[in-house]
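Work through the exercises below with the model open. Try each task before reading its solution.

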Amino acid sequence: MQSSLPMVPQQHSPDAARAGSYAASTVELGDLKRILVRRRFWIFGTVALLTLVALLYGLFTPALYSSAAEILIDPQDLQVVTNDVNPSRISPDGGITQVESQVSVVQSTGVLMRAIAATNLTQDPEFNGQGLLSRLLGSASAEGDRSVQTLDALRRRLAVKRADKVLVLDVIVTAKSADKAALLANAIAQAYLVDQASARAKMARDASESITARLDEQRKRVQQAENAVEAYKSANNMVMAAGNLVSDQELTEINTQLASAQSRTAALKAQVDQMRRQSGTADATSEAMRSAVISSLRAQEATLVDQVSQLGTELGPRHPSLIAAQQQLRDTRQLIARELGRIATATETDYERALANQQALEAKVAGMKSKSLDTDQASVRLRELQRDLEALRSVYSNYLQRAQETREQINVDSTNARIISNAMPALKKSWPPLPLLLLGAIFGGLGLGTGLALIAEYSSPTVLSSAQMQSAIDAPVLGVVPANSGTGWRWWPFGASSAAASSQKTDAVVGLALRRMFSSGQRPADWPLVPSILVTSSPGEGAQRSRVARLLANAAASRGSRVLFIDANAGGGDQKDPQPGILDVLRGEYAFEAVSHYAAGSNVAVLGRGRSKAVFQEAHGIYFAQQMLARASRSFELVVIDGGALADNLNASPLVAMADEIVLVATLNATPMRDVTTTAQAVSVMGRLPTAALLVDEAA
């Protein structure tokens with residue numbers, strides 16, 4: 001069956017992505033007051049309970065007294081000898097860490113057992129676990145168990161504290177007697193000093209014994225190292241002189257001789273090469289210039305040259321004197337040549353001798369180098385043995401010195417702590433502080449009660465404000481309707497009497513909500529269907545939903561509009577013989593004019609739920625719903641539908657599809673947010689989204 005009428009315009013088209021999830025409910029700061037007021041009994045009950053517990057505890061708990069002894073700890077120890085077993089160097093934090101560690105020492109088993117023994121505390125029923133209750137129960141502990149119980153009880157009553165920026169420990173003991181608390185505090189402080197002195201003496205004694213026991217062993221190790229060094233020198237023929245090996249000294253001297261020989265050989269070779277290059281003018285060499293014989297012969301040659309020249313000028317070329325002078329000049333020049341040859345020969349001989357000497361030295365150096373390499377390899381091991389020997393000698397010397405120092409410290413008390421204030425009996429009890437307990441109980445109860453209230457609200461959040469509701473359904477909140485304090489409003493008839501029953505404020509809110517719903521102009525002017533509003537809610541809000549639906553109908557009727565009120569609430573069909581109504585109209589069995597009737601004295605026509613004897617297809621229901629709204633436009637200006645809880649009322653699906661406005665009703669501080677989400681999801685499943693919401697305020 002196809003509808004010949006157009007579908008109603010969707011002000012909010014369904015979105016598959018948003019249909020299954022909505023904005024998470026949030027609690028704003030302004031809603032905190034509503035939560036606390038609504039759940040005030042949680043807060044007041046918690047405060048009362050904690051106050052009562054604190055009062056009973058303060059009245060029936062035995063009084064306790066606390067006394068404190070003060071111990072000053074100096075981070076710088078007493079110096080008896082240098083390099084003390086207990087170093088006196090102060091740490092960068094000024095010794096705070098050292099003092100903090102002493103807190104644990106004061107509470108250690110050794111210190112506390114000294115104090116217990118000094119005060120015979122194992123015989124005190126307050127601490128040894130042998131009180132009245134234990135005697136009544138017939139439990140008797142052995143001596144060992146009694147010591148353990150006493151130690152455990154004393155630890156529970158002991159507190160060791162250090163004030164900020166000071167090096168003083170406060171040893172605080174709490175007991176039922178003020179004198180006993182002072183006695184125990186002083187005993188623990190004194191036991192701590194004795195324990196420290198004993199620990200330092202024992203430390204020095206143990207160190208001295210340990211070092212002394214190692215002296216003989218260190219001495220033997222030094223002797224063994226010395227013997228190893230000497231044996232190694234002998235085995236490798238390593239003779240020392242002036243701290244160095246003899247072979248190294250010889251190699252150094254020969255290297256010096258070789259360098260000198262190489263220099264002389266190079267100089268002689270240069271002379272020989274020069275003479276060989278100047279073989280025609282050998283007299284131009286430096287050796288010839290330095291020779292006295294050559295110089296004398298050169299002088300004679302010069303004289304003879306002058307004489308020959310003079311005689312040649314004065315006498316004839318065949319004159320005997322000239323011939324004799326020329327012969328003498330030739331003889332002189334032959335002497336010069338022979339002398340130059342002798343010089344060249346001597347130079348070459350010196351060069352050959354120097355070269356042979358250099359080669360001999362080089363051969364000797366090469367041999368000594370080979371021997372030196374072997375010696376150097378042996379020296380590596382020798383130096384290692386010498387280093388071991390020096391290390392052992394140093395360790396042995398330190399052991400010997402430390403043994404003497406530690407023996408002197410055994411009988412010297414170097415404790416760096418002293419008692420600066422003995423404990424005195426307290427004048428006032430320290431526990432229980434009744435005023436403080438009551439004050440803490442009150443404020444703690446307020447805080448705990450508030451926390452419980454918020455946890456309860458968080459575990460089951462409710463609608464707290466219009467902004468929260470608008471965020472949850474993504475639709476505007478049209479107003480907040482004051483709740484009716486009467487009990488008969490659920491059965492209001494439509495007419496003047498019912499209109500008078502609603503307050504002026506309620507009428508104003510509902511009237512403004514009607515105007516806001518139909519002032520958007522989204523409906524065309526020639527739209528054939530009558531304006532319609534479907535009111536729905538969660539299953540627990542049936543009474544408020546029915547009231548809001550009737551208020552909407554009455555508000556429109558009081559302004560002169562003719563209203564058709566359709567009660568499609570699933571919970572309204574409890575009659576044994578129901579009359580025909582909207583379900584019959586949606587099945588096409590009746591026309592709505594035939595089953596609706598006007599309320600007496602009003603402009604509201606009422607159409608009941610009808611008979612649910614058979615189901616109908618949704619398409620058929622939508623068609624007949626269109627037909628009904630189209631025909632209702634001839635006689636009515638508005639249709640108000642009480643759709644019930646849509647999550648439980650699937651028969652209202654055709655009305656949901658055709659309604660212009662789908663209004664959710666919720667009660668502030670009462671309707672759970674999960675019910676709002678469930679209802680919005682039910683509307684989404686039916687193909688629509690909520691278009692608006694009206695809230696009911698029971699506190700108004």
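The exercises start with the whole chain and then turn to its sheets and helices.

**Exercise 1. The chain as a whole**

Task: State how many helices and strands the chain has, and what share of its residues count as buried.

Solution. Note that this is a predicted model. Count the elements: the chain has 23 helices and 14 strands. Next take burial: of its 700 residues, 40% count as buried. Then turn to contacts with a separation of 6 or more: residues 24 or more positions apart account for 83% of them.

**Exercise 2. The four-stranded sheet**

Task: Give the strand order of the open sheet of four strands, and find which strands stand at its edges.

Solution. Read the order across the sheet: E2-E3-E1-E6, with antiparallel pairing. Strand E2 (158-162) and strand E6 (417-421) are at the edges. Each has a single partner strand, so one side of each is left without a neighbour in the sheet. On average, neighbouring strands of this sheet are turned by 30 degrees against each other, direction ignored.

Now take one pair. Strand E1 (residues 65-73) and strand E3 (residues 168-175) run antiparallel and are joined by eight bridges. To fix the register, use Ala69: its bridge partner in E3 is Val171.

**Exercise 3. The eight-stranded sheet**

Task: Trace the open sheet of eight strands and describe its pairing. Then work out how E8 sits in the structure.

Solution. The order is E7-E14-E13-E8-E12-E9-E11-E10, and the pairing is mixed. Strand E7 (477-482) and E10 are the edge strands, each pairing on one side only.

Go to E8. Strand E8 (residues 532-537) pairs with strand E12 (residues 638-644) in the parallel sense over five bridges. E8 also pairs with E13 in the parallel sense, over five bridges. Val535 shows both registers: it stands opposite Asp642 in E12 and opposite Val663 in E13. A further pair toward E12 is Thr536 opposite Gly644.

Next, sort the side chains. In a regular strand they alternate between the two faces of the sheet. In E8, Ser532, Leu534 and Thr536 point one way, while Ile533, Val535 and Ser537 point the other way. Six of the six residues of E8 are buried, so this strand is largely enclosed by the rest of the structure.

**Exercise 4. Around strand E11**

Task: Which way does E11 run relative to E9, parallel or antiparallel? Ask the same of E10 and E11.

Solution. Strand E9 (residues 563-567) and E11 run parallel, joined by four bridges. Ile566 has Leu607 as its bridge partner in E11. On the E10 side the sense is antiparallel: strand E10 (residues 597-598) and E11 pair over two bridges. Here Tyr598 stands opposite Ala605 in E11.

Look at the connection. The hairpin of E10 and E11 has five residues between the strands, and Gly601 in it takes a positive phi near 70 degrees.

Finish with the side chains of strand E11 (residues 604-607). Val604 and Val606 point one way, Ala605 and Leu607 the other way, and all are buried.

**Exercise 5. Helix H23 and its neighbours**

Task: Test the length of H23 against its expected span. Then describe how H23 packs on H15.

Solution. Start with the span. At 1.5 Å a residue, the 13 residues of H23 should span 18 Å. The end C-alpha atoms are 18 Å apart, which agrees. Just after the helix, Gly687 takes a positive phi of about 95 degrees.

Place H23 on the sheet. It lies across E8 and strand E13 (661-667), running at about 165 degrees to E13.

Now add the helix partner. Helix H15 (residues 466-473) packs with helix H23 (residues 673-685) at an angle of about 35 degrees, with the axes 10 Å apart. The crossing of H15 past H23 is right-handed. Gln468, Met469, Ala472 and Ile473 in H15 meet Met673, Val676 and Ala680 in H23. By class, this contact has six nonpolar, one polar and no charged residues.

Compare with burial: the buried residues of H23 include Met673, Val676 and Ala680.

**Exercise 6. A distant pair**

Task: Where does Ala630 lie, and how far apart are Ala630 and Pro528 in sequence and in space?

Solution. Ala630 lies in helix H21 (residues 618-632). Its relative accessible area is 13%; the cut-off for buried is under 20%, so Ala630 is buried. Ala630 and Pro528 are 102 residues apart in sequence, yet 5.7 Å apart in space, C-alpha to C-alpha.

Definitions and conventions: Residues numbered from 1 in each chain as written. Predicted model: local features only at pLDDT ≥ 70, side-chain atom pairs only at ≥ 80, totals over all residues. Heavy atoms only, no water. Axes fitted to C-alpha atoms, helices over the stretch in contact; angles between N-to-C directions. Left-handed = near helix turned anticlockwise from the far one by under 90°. Contact = heavy atoms within 4.5 Å. Nonpolar A, V, L, I, M, F, W, Y, C, P; charged D, E, K, R; others polar. Buried < 20%, exposed > 50% of the residue type's maximum accessible area, 1.4 Å probe, protein only. Pairing = 2+ DSSP bridges. Expected span 1.5 Å × (residues − 1).
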